[in-house]
Amino acid sequence: MPDFASKMKSLKLPSWMNRGEPAKLLKAAVRFWTGIVAWVTWPLQQFDPLTCAEPLLNLLAYDRDIARFNGEPLSLFRKRVAYAFVNAQDAGSVSGFIAIFDRLGIGYVELLERQAGIDWDVIIVRVSDSQISDNADLLLQIIRQYGRTCRRYQFEVITTSGMRIRAGWNQGEYVCYPATLGVSETGTATFGATL
């Protein structure tokens, strides 16, 4: 209905009628019909989890099998309810699991499966330490709800550090100086080197 609101705002009276009672009547009619459209479209807006009333949000969350954990902000809960179906579809693949983390605003994450030296059923989740400290309950809830069955998850912390490398030319000479270690008949070692 955004075009209806723009049409209502664009209504103008002819120049000989845009003063006095006709102008007041036009303003009253625009205000009345804008209110009517808001009343009629209000129930439709309640199906959007990002904007609906909180009691209806709880009903939508129950319908989509989303439970609010302790201390969860309302904005994050709204996102989880809004993306519940898409997150459930994406839960089976590595790229989908990364997309879940991105949709919920956690940030960059790496998932590594079947690494050498680690049991085959362990999936490594690499995140930064700030992500773990800011979203600890959310990370555990995502693993519980969308994690693969019969898999264990292990968190690893990614820490970034700056590094500077300078390049240049070294036109030196490469020389190899061999050294030998010999054992004499008496059992003592003798060293020899050539330059």
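Glu 21 sits out in the open, with 58% relative accessibility, and its side chain meets that of Lys 24 in a salt bridge. That's one of 9 salt bridges in the structure. Keep in mind that this is a predicted model. Below are some of the charged pairs, then the cysteines, a nonpolar surface patch and a buried proline.

**The Glu 21–Lys 24 pair**
- Lys 24 is exposed too, at 55% relative accessible area.
- The N to O distance in this salt bridge is 4.0 Å.
- Both residues belong to helix α2, which runs over residues 21–45. They're about one helical turn apart because 3 residues separate them in that helix.
- As a general point, side chains of opposite charge can pair when their charged atoms come close.

**Salt bridges around the strands**
- Arg 126 pairs with Glu 110, and their closest N and O atoms are 3.4 Å apart. This pair links distant parts of the chain, with Arg 126 in strand β2 (residues 122–128) and Glu 110 in strand β1 (residues 110–113), 16 residues apart.
- Both partners count as partly exposed: Arg 126 has 28% relative accessibility, and Glu 110 has 21%.
- Arg 152 and Asp 121 also meet through their side chains, at 3.0 Å from N to O. Arg 152 is in strand β3 (residues 152–158) and Asp 121 is in the loop between β1 and β2, so this salt bridge ties together parts of the chain 31 residues apart in sequence.
- Here the two partners fall into separate classes: Arg 152 is partly exposed at 41%, whereas Asp 121 is buried at 15%. Asp 121 gets the buried label because its value is under the 20% cut-off.
- There's a network as well: Glu 110, Arg 126 and Glu 156 are joined by salt bridges that share partners.

**Cysteines**
- How many disulfides does a search of the whole structure find? The count is 0.
- For reference, a disulfide is a covalent bond between the sulfur atoms of two cysteines.
- Is Cys 52 buried or exposed? Cys 52 is buried, with just 2% relative accessible area.
- Cys 150, on the other hand, counts as exposed at 65% relative accessibility.

**A nonpolar patch on the surface**
- Trp 42, Leu 56 and Leu 59 make up a nonpolar surface patch, and together they have about 300 Å² of accessible area.
- Leu 56 belongs to helix α3, residues 54–63.
- With a relative accessible area of 31%, Leu 56 is classed as partly exposed. Leu 56 can join a patch because its 31% is over the 30% cut-off for patch residues.

**Pro 49 and its surroundings**
- Pro 49 is in the loop between α2 and α3, yet it's buried, at 5% relative accessible area.
- Which residues does Pro 49 touch, leaving aside those up to four places away in sequence? The contacts are Leu 57, Leu 60, Arg 64, Arg 78, Val 81 and Ala 82.
- Leu 74 is 25 residues from Pro 49 along the chain, and the C-alpha atoms of the two are separated by 11 Å.

Note on methods:
Residues are numbered from 1 along each chain as its sequence is written. This is a predicted model: local features need pLDDT of at least 70, side-chain atom pairs count only at pLDDT 80 or more; totals for chains, interfaces and linings use all residues. Side-chain values use heavy atoms; hydrogens and water are left out. Patches are made of residues with over 30% relative accessible area and no salt bridge: like charges are joined within 9 Å, nonpolar side chains (Val, Leu, Ile, Met, Phe, Trp, Tyr) within 5 Å. Accessible areas come from the Shrake-Rupley method with a 1.4 Å probe; for residues, only the protein chains shown count as cover. Helices (H or I, at least four residues) and strands (E, at least two) are DSSP runs, numbered from the N terminus. Buried means under 20% relative accessible area, exposed over 50%, partly exposed in between (1.4 Å probe, protein chains only). A disulfide is a pair of cysteine sulfur atoms within 2.5 Å. Contact means heavy atoms within 4.5 Å.
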